[in-house]
Amino acid sequence: MSRLFLFRHAKAAWAEPGMRDFDRNLSPDGVEEATKIGHELRERDLKPQKIICSSAARAKQTFDAIDQGDGWSDLVEFDPTLYSTDAPGYLEVAAAIDMEGDLMLIGHNPMLEDLAIGLGQNGNDEAYTHINMGFGTACITIIRFDGPMSGVQTAKCELEDYIRPRDL
């Protein structure tokens, strides 16, 4: 069994004049959201075996807020593709990982929402309803399927959970 964790970056501050979108930082609320999620992941013993994070500033800062010095930094790889690709591109990034187990992608909307809606049609109906109402900042969708990550594009997926900071 493998699980794909789709993690939208936490709430970002507005861009300063002349600042590129790529360079936007988290807001103080965003840091708090991501920190809550980091604690919750540990409470539920949900530690991925690998993390691929967008190289945009707000995604990196989201990872920094969930990393609590317990080895997660050894799992992360930063990938600029996750900033600019679409939902099928996110799937390609996941499928390129040769492993069976848990993979976390930290990225952006609307790509994550589109992917969560596409993959999460079976399983947790309440979670699916929440995702369809908008994939919030610092939220994580957990998709479960049989087989290795390389088969995620054709696997029969099941929505396991949708974790929102406002519920914590």
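Let's start with Cys-53, in strand S2. This is a predicted model, so keep that in mind throughout. Is Cys-53 buried or exposed? Buried, because its relative accessibility is 0%, and the cut-off for buried is under 20%. Leaving aside residues up to four places away in sequence, Cys-53 touches Ala-59, Lys-60 and Phe-63. It also touches Val-76, Glu-77, Phe-78 and Asp-79. Leu-82 and Ile-106 complete that list. One distance for orientation: the C-alpha atoms of Cys-53 and Asp-23 are separated by 15 Å. Those two residues are 30 apart along the chain.

Next, helix H2, residues 57–66. How much of H2 is covered? Most of it: seven of the ten residues are buried. Here they are: Ala-57, Arg-58, Ala-59, Thr-62, Phe-63, Ala-65 and Ile-66. Two of these names, Ala-59 and Phe-63, you just heard as contacts of Cys-53. What do the buried residues of H2 pack against? Strands S1, S2, S3 and S4, plus helices H1 and H3. S3 spans residues 76–79.

Stay in H2 and look at Arg-58. An arginine, and it counts as buried because its relative accessibility is 5%, against a cut-off of under 20%. Which residues does Arg-58 touch, once those up to four places away in sequence are left out? His-9 and Ala-12, to begin with. Then a run of names from the twenties: Asp-21, Phe-22, Arg-24, Asn-25 and Leu-26. Then Tyr-83 and His-108.

Now the helix pairs. Packed helices in general are described by two values, the angle between the axes and the distance between them. Take H1 and H2. Their axes come within 7 Å and cross at roughly 45°. That angle makes H1 oblique to H2. The crossing of H1 past H2 is right-handed. Who makes the contact? From H1: Val-31, Ala-34, Thr-35, Gly-38 and Arg-42. From H2: Thr-62, Ala-65 and Ile-66. By class, the residues of this contact are four nonpolar, three polar and one charged. Look at the spacing on the H1 side, with Val-31, Ala-34, Thr-35, Gly-38 and Arg-42. An α-helix has 3.6 residues a turn, so residues three or four places apart point the same way.

Second pair: H4, residues 87–95, and H5. Here the axes come within 8 Å and cross at roughly 75°. H4 and H5 are therefore roughly perpendicular to each other. H4 brings Ala-87, Tyr-90 and Leu-91. H5 brings Met-111, Leu-112, Asp-114, Leu-115 and Leu-119. The split in this contact is seven nonpolar, no polar and one charged.

On to H5 itself, residues 111–119. Its buried residues are Met-111, Leu-112, Leu-115, Ala-116 and Leu-119. How do they sit around the axis of H5? Within an arc of 125°, so they line one face of the helix. They pack against strands S1, S4 and S5, and against helices H3, H4 and H6.

Just before H5 comes a backbone point. Asn-109 and Pro-110 are joined by a cis peptide bond, with omega about 10°. Pro-110 sits in the loop between strand S4, residues 102–107, and H5.

Two more backbone points, both positive phi. Asp-45 is not a glycine, yet its phi is about 55°. It lies in the loop between H1, residues 28–43, and strand S2, residues 50–54. Asp-45 counts as exposed because its relative accessibility is 66%, and the cut-off is over 50%. Ala-138 also has a positive phi, near 60°, in a residue other than glycine. Its loop runs between helix H6, residues 125–132, and strand S5, residues 140–145. Is Ala-138 buried or exposed? Buried, with a relative accessible area of 0%.

Last stop, Trp-14. This tryptophan is in the loop between S1 and H1. It is exposed, at 77% relative accessible area. Where is Trp-14 relative to Ile-117? The C-alpha atoms are separated by 27 Å, and the two residues are 103 apart along the chain.

Terms used: Residues numbered from 1 in each chain as written. Predicted model: local features only at pLDDT ≥ 70, side-chain atom pairs only at ≥ 80, totals over all residues. Heavy atoms only, no water. Helix = DSSP H or I, 4+ residues; strand = E, 2+ residues; numbered from the N terminus. Buried < 20%, exposed > 50% of the residue type's maximum accessible area, 1.4 Å probe, protein only. Axes fitted to C-alpha atoms, helices over the stretch in contact; angles between N-to-C directions. Parallel < 35°, antiparallel > 145°, perpendicular 65-115°, else oblique. Left-handed = near helix turned anticlockwise from the far one by under 90°. Contact = heavy atoms within 4.5 Å. Nonpolar A, V, L, I, M, F, W, Y, C, P; charged D, E, K, R; others polar. Arc of directions from axis to C-beta.
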